[in-house]
Amino acid sequence: MCGIVGYIGERDCTDVLISSLSKLEYRGYDSAGIAVFENGEIEVQKAKGELKNLSEKLKTDHYPEGHCGIGHTRWATHGEPSDINSHPHSGKRVSIVHNGIIENYKDLKKFLTSKGYTFESETDTETVAKLLDYYYEGDPVDAIIKVLGDVRGAYALGIIFKDFPDRIFAVRKDSPLIIGVGDDENFIASDVPAILQYTKKHYLLEENEIATIHSDRVEFCDIHKTNIEKEVIVSDLDMDAAEKGGYEHFMLKEIHEQPNAVNTTITPRIVNGMPDLSECGIDLEDLKNYRKIFIVACGTAMHAGVVGKYVIEKLARTEVTVDIASEFRYRNPILTPDDLMIVISQSGETADTKAALHLAHDMGSKVLAIVNVKGSSIAREADMVLYTHAGPEISVASTKAFSVQMSVMYLLAFEMAYAKGIIDEEECKRLTEELTTIPDAIDKAMECEEKCKYVASKLVTAHSLLYIGRGLDYALSMEGSLKLKEISYIHSESYAAGELKHGTISLVEKGLPVISVATQNALLEKTVSNIEEVKSRGAFTITVAKEGEEFAEGINDELITVPALDDILMPMVTVIPLQLLAYYTTVLKGLNVDKPRNLAKSVTVE
Ligand code: M6R
């Protein structure tokens, strides 16, 4: 989604803005722009397409020389990607960058048009720029407060006023924004990686707080202009974590980071061989008593939730439903104070997931958030937070976040099962011990990389694929299919293998690749029958199975094996070939692995 940056200080502002925007490219965007004070005037430059187009334009057109300005990468919502629709947008005395959606922009536009304003772009954002202009009577904060009273929707705004070349203003609601703190220089940014090269210190801007950012200080107030004191946070991210570190793509680096990410996530939560989630405020008594668990998330995080459902229901015998957040929020769910909602999110900013959290709170349920980004909105709003320690995930395709999300679902399931007396201490320790072997097992699973590269060469020309599996293998099929389609643009569907006969098998024809995930001993015979069914109809069969598994001659055109673990833990290694297949197919197709078309890393709008 859109990325916001801003800088005020002694450095070359244009240079800082471009460099900071480059660190936000991973969020997904289709145009970029900056507005910089130069000799008292606001100079705006924008360009459709990649950031390099804007850099080129700065060379050939005009390079604003100044020390205060704002910048933006836009992910189009209202109006196509174009130079004109790119941010910043301006009024006569103001320029702004915006992340989010202004829901009532049509009404505002009508009002402003009646006041004589004209509009250049098709964006919702331009109405905010013009509205600020309309209300501005010499005090920027007054104008901002009036605008906040009129706009509906989600926003993070970076604002500069022509009369105040020595400051930046910022405000947010439902979209993230931080204020970076340096020595005689300050920043604004959507995300910490944008400013990590300059400073690790930042403030988190809360809902409807207004920040006035000078080079040597930052002032905060609320919408009644009451001053607010805030604490500086020091990020524990390091620059290297946000660099490719010798890998060709972030996705490949992040796939290989999984052993370490899982290790870092689980190790502090194992005490004397037992899972211990007390750090996030989870109470064993409560765990025993929840009537029902609702897991709500989007995309890959939702697939980690499906794994969680299987594992919690199997071990702890508590009913779990898993919902796609955008469906959950509108389906009138029945939640009670006796239920627990678990929201899972890498970014902690996903709009629909956040809305589900609000719904749970409205209905009196407690919310446990499993989140990777520290201090993100979801983490701050939930009742309990279990941080995953994957480090920054830059590639749009989520890989290491999935593994760490699953790993905490296991700890939770073990702890719940023990708290409920369904497993005894010995069994709980045995399962926990096996979980600690996962980082090594993932490392070992990476040995299938060459094989995956080879199998990927057989997939590049495919127009469509099926992924099938049963139980936990079905959850993994969903994840494998999402990974492949989002980056390789090859259509694929995941199906519960037993459901094929109810319609989908009619799609199977000679050469259709069918990837079967077949790691669950108890379901293996049944899945094998499904593989036979598609094979006999001409499918090109690729099977992911446990090492040492025997299959009938000729049933698998390609067999990819992963280390054999307890069935319940197999998803932790099975995901590796699925990620690698998607990765290498995309590389072989010559596509942009880390920034697939139309997608954003952090989906902060509905
Ligand atoms: O930040 P979140 O975990 O809430 O994001 C959820 C999805 O948008 C995300 O997992 C998405 O599906 C990924 N691109 C999948 O690789």
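Here are some short exercises on the structure above, each with a worked solution.

This is a predicted model, so local features need pLDDT of at least 70 and side-chain atom pairs count only at pLDDT 80 or more, while totals for chains, interfaces and linings use all residues. Residues are numbered from 1 along each chain as its sequence is written, and side-chain values use heavy atoms, with hydrogens and water left out.

**Exercise 1. Work out how helices α9 and α13 pack.**

Start with the elements: helices (H or I, at least four residues) and strands (E, at least two) are DSSP runs, numbered from the N terminus. Axes are lines fitted to C-alpha atoms, for helices over the stretch in contact, and angles run from 0 to 180 degrees between N-to-C directions.

Step 1: α9 covers residues 299-316 and α13 covers residues 400-419; their axes sit 9 Å apart at an angle of about 20°.

Step 2: sort that angle. Under 35 degrees counts as roughly parallel, over 145 as roughly antiparallel, 65 to 115 as roughly perpendicular and the rest as oblique. α9 and α13 are therefore roughly parallel to each other.

Step 3: get the hand. A crossing is left-handed if the near helix is turned anticlockwise from the far one by less than a right angle, and right-handed if clockwise. α9 passes α13 in a right-handed crossing.

Step 4: list who touches, where contact means heavy atoms within 4.5 Å. From α9 the contact includes Thr300, His303, Val307 and Ile312, and from α13 it includes Phe402, Met406, Tyr410 and Phe414.

Step 5: sort by class. Ala, Val, Leu, Ile, Met, Phe, Trp, Tyr, Cys and Pro count as nonpolar, Asp, Glu, Lys and Arg as charged, and the others, Gly among them, as polar. The contact of α9 with α13 then has 16 nonpolar, four polar and no charged residues.

**Exercise 2. Do the same for helices α1 and α2.**

Step 1: the axes of α1 (residues 13-22) and α2 (residues 51-60) come within 10 Å and cross at roughly 165°.

Step 2: α1 and α2 are therefore roughly antiparallel to each other, and their crossing is left-handed.

Step 3: α1 brings Thr14, Ile18, Leu21 and Ser22 to the contact, and α2 brings Leu51, Leu54, Ser55 and Leu58.

Step 4: by class, that makes five nonpolar, three polar and no charged residues in the contact of α1 with α2.

**Exercise 3. Find the two faces of helix α3.**

You'll need the burial scale: buried means under 20% relative accessible area, exposed over 50%, partly exposed in between (1.4 Å probe, protein chains only).

Step 1: in α3 (residues 105-114), Tyr105, Leu108 and Leu112 are buried.

Step 2: look down the axis. The buried residues of α3 fall within an arc of 60°, so they line one face of the helix; the arc is that of the directions from the helix axis to the C-beta atoms.

Step 3: flip to the face turned away from the buried side, and there are the exposed residues Lys106, Lys110 and Ser114.

Step 4: see what the buried residues of α3 pack against: β6 (94-102), α4 (125-135) and α5 (140-150).

Step 5: step off the end. Just after α3, glycine 116 takes a positive phi of about 95°.

**Exercise 4. Check some backbone oddities in the loops.**

Step 1: which residues does a cis peptide bond join? Histidine 87 and proline 88, with omega about 0°. Proline 88 belongs to the loop between β4 (68-74) and β5 (89-90).

Step 2: now the positive phi values outside glycine. Asparagine 272 has phi near 50°, in the loop between β16 (270-271) and β17 (274-275). Arginine 317 has phi near 55°, in the loop between α9 and β19 (319-324).

Step 3: add accessibility. Asparagine 272 is exposed, at a relative accessible area of 69%, and arginine 317 is exposed too, at 59%.

**Exercise 5. Decide whether three loop residues are buried or exposed.**

Step 1: serine 175, between β8 (168-173) and β9 (178-181), is buried, with a relative accessible area of 0%. Not counting residues up to four places away in sequence, serine 175 touches Asn99, Gly100, Ala154, Tyr155, Ala156, Lys354 and Thr604.

Step 2: threonine 504, between β24 (491-496) and β25 (513-518), is buried at 8%. Leaving aside neighbours within four places in sequence, threonine 504 is in contact with Leu466 and Tyr495.

Step 3: asparagine 332, between α10 (325-328) and β20 (340-345), is exposed at 70%.
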